[in-house]
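I open these entries with the structure itself, and then note, topic by topic, what I looked up in it.

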Amino acid sequence: MEREYALYAVEQTQQLLAIDSPSGFTAAAAQWVLSAFSSLGYSAHITRKGGVLIDLGGQDAQDALLLEAHADTLGAMVAEIKGNGRLRVTNLGGMRAENGETENVRVYTRAGKVIEGTLQLCNASIHVNTKYGDTKRDFNTTEVVLDEDVKSAQDTRELGIEVGDIVCFEPRTRVTASGYIKSRFLDDKLSVGILLGLAKYMKDHHLTPARRVYAHVTVYEEVGHGGSASVPEGVTEAISVDMGCVGDGLQCTERQVSICAKDSGGPYSYEVVGKLIDAAKREGADYAVDVYPAYGSDVEATLRAGNDIRHGLIGAGVYASHGYERSHVDGVLNSLKVLKGYLNL
């Protein structure tokens, strides 16, 4: 697996990161994913649920493999227009107020207007608020301050904003000269980029896997049911390509690929985990096997929906998950190596 495909994956990731797509507001991102795979020559379609299902080809359709990643991210929704014209929001997925505080946001109205603002602590001026440091951050003690001249709820409504509108956080994407990738929402747009890198590698080298391979880019993973539908006939195994956890008590770094043996939903298939480890060894991938203490994945939703399949999970190491995340192009390359090895390409 050449490094150029990891760099391609990162380039694609940057494009997708520029498209706001919290859970429930993913149509533009799904259309981008559809176009990206279609441009490589693969058959793809948008499911009723809004995800993208791609046929990557292969021979044995009765022992097919499903690769899952997700394009939905954390975000927020307008829960109340306050009397001062500011917004109380509720989180979409695991977005945390203390992490999003002082971040720039975009509010999307039903009419298609986009209005900028910032998530701030209520009474955010340190020179005024003597309890600034003592206040617990949550979505009741923070508010979106709009970058418009609003002083009342009526002023805000006249802009077209209403309860139920989507609030998107600025990703602040950067790729450093040393290969580090920093952005919100690498979970899991980096993995969508990795699947595109794999697809391009297969296309450039005219590779047809021995088994049929599908990819499903889901759009409700962050709220727990992304992978619960759209499993093609003949699939016997599913692997989530999601972020690999990096933190205290775990082995993985941002420059490695993580193979998850167990998370908060229980153990992954012992057989699949073993085959992923074997694939990493064959391809010379720098990998770590870890147990994630607080994690769930698309493929667990696939099993809970009643599908009789074996399951696994890999991902490039990502630090500061659900925050301002960081990974590395080496982690992307090592993830691609494992996928290549698993497919015996």
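Before reading any accessibility, I fix the terms: a residue counts as buried under 20% relative accessible area, as exposed over 50%, and as partly exposed in between. I also keep in mind that this is a predicted model.

Entry, backbone outliers.
I looked up His206 and found a phi near 55 degrees, a positive value in a residue other than glycine. His206 sits in the loop that runs between α5 and β12 (211-218). Its relative accessible area is 73%, which is over the 50% limit, so I note His206 as exposed.

Ala320 was the next residue I checked, and its phi is also positive, about 65 degrees, although Ala320 is not a glycine. I place Ala320 in the loop between β18 and β19 (325-328). With a relative accessible area of 30%, a value between the two limits, Ala320 is therefore partly exposed.

I then turned to the peptide bond between Asp187 and Asp188, which is cis, with omega at about 10 degrees. Of this pair, I traced Asp188 to helix α5, which spans residues 186-204.

Entry, helix α6.
Which length should helix α6 have, and which does it have? For its 14 residues, 270-283, I expect a span of 20 Å at 1.5 Å a residue, and the end C-alpha atoms are indeed 20 Å apart, so the two values agree. I listed the buried residues of α6 as Val272, Val273, Leu276, Ile277, Ala279 and Ala280. These residues lie on the same side of α6, because the arc they cover around the axis is only 160 degrees. Tyr270 and Lys281, on the other side of α6, are exposed.

I next asked what the buried residues of α6 pack against. The partners are the strands β13 (235-241), β15 (257-263), β17 (287-291) and β18 (310-318), together with helix α8 (329-342). Just after α6 comes Gly284, and I recorded a positive phi for Gly284, near 70 degrees.

Entry, helix α1.
I repeated the length check on α1, residues 3-17: the 15 residues should span 21 Å at 1.5 Å a residue, and the distance between the end C-alpha atoms, 21 Å, agrees with this. The buried residues of α1 are Tyr5, Ala6, Tyr8, Ala9, Val10, Gln12, Thr13, Leu16 and Leu17. I found that the elements covering them include the helices α2 (27-39), α5 and α8, as well as β10 (174-175) and β11 (180-183).

Entry, Cys122.
I located Cys122 in the loop between β7 (114-121) and β8 (142-146), and its relative accessible area of 22% makes Cys122 partly exposed. Leaving aside residues up to four places away in sequence, I noted that Cys122 touches Lys82, Asn129, Asn140, Thr141, Thr142 and Glu143. For Tyr132, 10 residues from Cys122 in sequence, I recorded a C-alpha to C-alpha distance of 9.2 Å to Cys122.

Entry, the largest pocket.
My last search was for empty space, and the largest pocket holds about 350 Å³. I noted 21 lining residues, of which Met243, Cys245, Ala294, Tyr295 and Ser321 are the closest to the centre of the pocket. Sorting the lining by class, I get 11 nonpolar, 6 polar and 4 charged residues.

Methods:
Residues numbered from 1 in each chain as written. Predicted model: local features only at pLDDT ≥ 70, side-chain atom pairs only at ≥ 80, totals over all residues. Heavy atoms only, no water. 1 Å grid on protein atoms, 1.4 Å probe; cavity = no way out; pocket = protein on both sides within 12 Å on 5 of 7 lines; lining within 4 Å. Points joined across faces, edges and corners; volume = space filled by probe spheres on them. Nonpolar A, V, L, I, M, F, W, Y, C, P; charged D, E, K, R; others polar. Helix = DSSP H or I, 4+ residues; strand = E, 2+ residues; numbered from the N terminus. Expected span 1.5 Å × (residues − 1). Buried < 20%, exposed > 50% of the residue type's maximum accessible area, 1.4 Å probe, protein only. Arc of directions from axis to C-beta. Contact = heavy atoms within 4.5 Å.
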